[in-house]
Amino acid sequence: MSDYDLERYLTVRSAYGASLGPDGRLAFLHDATGVGQVYTLDEPGEWPTQRTFYDEPVSFASYSPERPELIFGMDEGGNERMQLFRLDDDGTITNLTGMPEAKHRWGGWRADGEQFAFASNRRDESVFDIYVQDRDATGEAAELVFEGDGWLSVGGFHPDGDELLLQQAYSNFDQDVYVLDLDTRERRHLTPHDGDIRYSSVQWGPDGDALYLVTDDGSETLYLARMDPETGDLEQLRSGGEWNVGGVAVDEETGTLVYSRNVDGYTDLTLGELTDDGLEELPIPELPGNIAGGVSFGPDGDRFALSSSGRRENTNVSVVDLTALRQLADDEAALAGDPTGAVTKWTEASTAGIPAETFVEPELIRYETFDGREIPAFFSVPESVPDEGAPVIVDIHGGPESQRRPSFSGLNQYFLSEGYALLEPNVRGSSGYGREYTHLDDVEKRMDSVKDIDYAVEWLTDRDVVDPERIVAKGGSYGGFMVLAALTEYPQRWAAGVDIVGIANFVTFLENTGSWRRELREAEYGSLAEDREFLESISPTNNIDAIEAPLFVLHGANDPRVPVGEAEQIVEQASNHVPVRKRIFDDEGHGISKLDNQIAAYTDVVDFLDEHV
């Protein structure tokens, strides 16, 4: 058993969300107080300065391109109705939006730092409009520049400040790209298409002469592309091969570009410089961990910051010095050793005194499922396994169009230290493995993904290190549905289940989820108008008589995505059949974000598993 208790593992800290300011200062989010707050650093390794002091977590921070001020976002109690605030260099904080009943989604600064853009549903809760606001204006002073009719977001100002890049999402796998002229208010449609095509991570290149993005237009996987902002003509720059290009970041001043590939859940990062002929690539020295993202370029384009993580590396921010990197470009041996400090770790988020070498790295495995497909999964085994085998937690990700990746989790490391093994499958419907794989669970094929979980358990029972009588299903959001469905469809497989903010009934979920996201969710799950009978038939609440395993249900009272009524109804119905424990937090939303609540919630979960597993 572990030398450290659960609270210690949950207080392993993270530093993330980097933004480099015009004076070279680094802003980032750090959860040292128990929730993410804004901190700044002038130099690597210094003691960071805390700049915000709220009980609620800050969701992002973005430095002005011209002034030592930044804008950050924060909601209340997990309700996701984010407000925007300006933090001045002297510490003064100004609420820029002041409309707590509305959502505000950040759209970026204008190049001169005089204005910023955002999308908001303040006019109509079910749709997003586009606004531009002066940096020193507040509240209703924002100018409505475009009325939307769905899920609109802002991709940023043209370098000249006279146009906005817009994206509209119809589902997670179907988007459009537009350019809005701020003088005429006319919108130019760049991506007319049939069927589902993704256009994501879209942003302006130098001088606004081109857009850079990732898309799967004509491809099974996402690739890096350049688009003409007048005609929408598309040119492929780099293929992801069998893997997706995950995202792209471009420095508008220098044309330096960073893009990532998602290779079986691990990040493969590439740096390049845009040329008339395409992209000239430069190698990047090794970063801490094996998951990286969130690139922010410095004011002169001479460096960029990003966050990285791994199963044995808690999340921290590093800065890549591009000048040093270019000097190393022709010397691969020197680059591997990085003697010039081309990559510098700026933050040192605490591991709470737990030696990093005790953290467990997973094995990437594949198991065969009912139709012969190979399902990828991460399998972690504790250091010591008893003769009868270890209990196992099958930890199922949400989404469903998401992917379990090997980033750091203090909770999972605690379970491993206590003798649990972990299996984290990326069942059909997960992203990261191509277009076809992601659509294998759509609507009427929903329960095929639950079969994949059954076959995951079948794979586990053949492992000598596993005790087949002590297998737990655990998951959050859509993963919570998967837990409930696994427990009701394959009841004899499970010793216990842990449902975190999960869907219990698809009909009541779609009826009560935030109106701004209902259409997006119906595109994945099926519509209330056309698929109600099917959605009822697969809902765990309508199969609850089959459940045999004890169940723990955890939820936030303010959850706008999966309303707390989903927890209430599954608890009420399952309590007639099996032991059920419930924990609802009045100050949380879609997940448990505050450290004190995490400690309380997962202490209860551990006690529950100790009792039943």
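**Figure 1. Helices and strands of the whole chain in the predicted model.** The protein chain holds twelve helices and 36 strands. Its radius of gyration is 24 Å, close to the 25 Å that the globule rule gives for 613 residues, so the chain is as compact as a globular protein of that length. Along the principal axes, the C-alpha atoms of the protein chain fill a box of roughly 65 × 60 × 50 Å.

**Figure 2. Burial, surface and contacts of the protein chain.** Of the 613 residues, 61% count as buried. The protein chain exposes about 23400 Å², and carbon and sulfur atoms supply 40% of this area. When contacts between residues at least 6 apart in sequence are considered, 55% of them join residues at least 24 apart.

**Figure 3. The open sheet β25-β26-β27-β28.** Four strands make up this open sheet, in the order β25-β26-β27-β28, and their pairing is antiparallel. β25 (291–297) and β28 (343–345) stand at the edges; each has a single partner strand, so one side of each is left without a neighbour in the sheet. From one strand to the next, the twist averages 25°.

**Figure 4. Pairing of strands β26 and β27.** Strand β26 (residues 303–310) and strand β27 (residues 313–321) run antiparallel and are joined by seven bridges. In this pairing, S307 stands opposite V317 of β27.

**Figure 5. Surroundings of L152 in strand β13.** L152 lies in strand β13, which spans residues 151–157. Its relative accessible area is 0%. The cut-off for a buried residue is under 20% relative accessible area, and L152 is therefore buried. Leaving aside residues up to four places away in sequence, L152 touches R105, A119, F128, I130, F146, Q167, Q168 and R187. R518 is 366 residues from L152 along the chain, and the C-alpha atoms of L152 and R518 are separated by 14 Å.

**Figure 6. Packing of helix α11.** Helix α11 comprises residues 565–574, and its buried residues are E566, A567, Q569, I570, V571 and A574. Among the elements that the buried residues of α11 pack against are the helices α7 (478–489) and α8 (506–512). These buried residues also pack against the strands β34 (496–500), β35 (551–556) and β36 (580–585).

Terms used:
Residues numbered from 1 in each chain as written. Predicted model: local features only at pLDDT ≥ 70, side-chain atom pairs only at ≥ 80, totals over all residues. Heavy atoms only, no water. Buried < 20%, exposed > 50% of the residue type's maximum accessible area, 1.4 Å probe, protein only. Helix = DSSP H or I, 4+ residues; strand = E, 2+ residues; numbered from the N terminus. Contact = heavy atoms within 4.5 Å. Pairing = 2+ DSSP bridges. Axes fitted to C-alpha atoms, helices over the stretch in contact; angles between N-to-C directions. Rg over C-alpha atoms; globule rule 2.2 N^0.38 Å. Areas by Shrake-Rupley, 256 points an atom, 1.4 Å probe, with all protein chains shown as cover.
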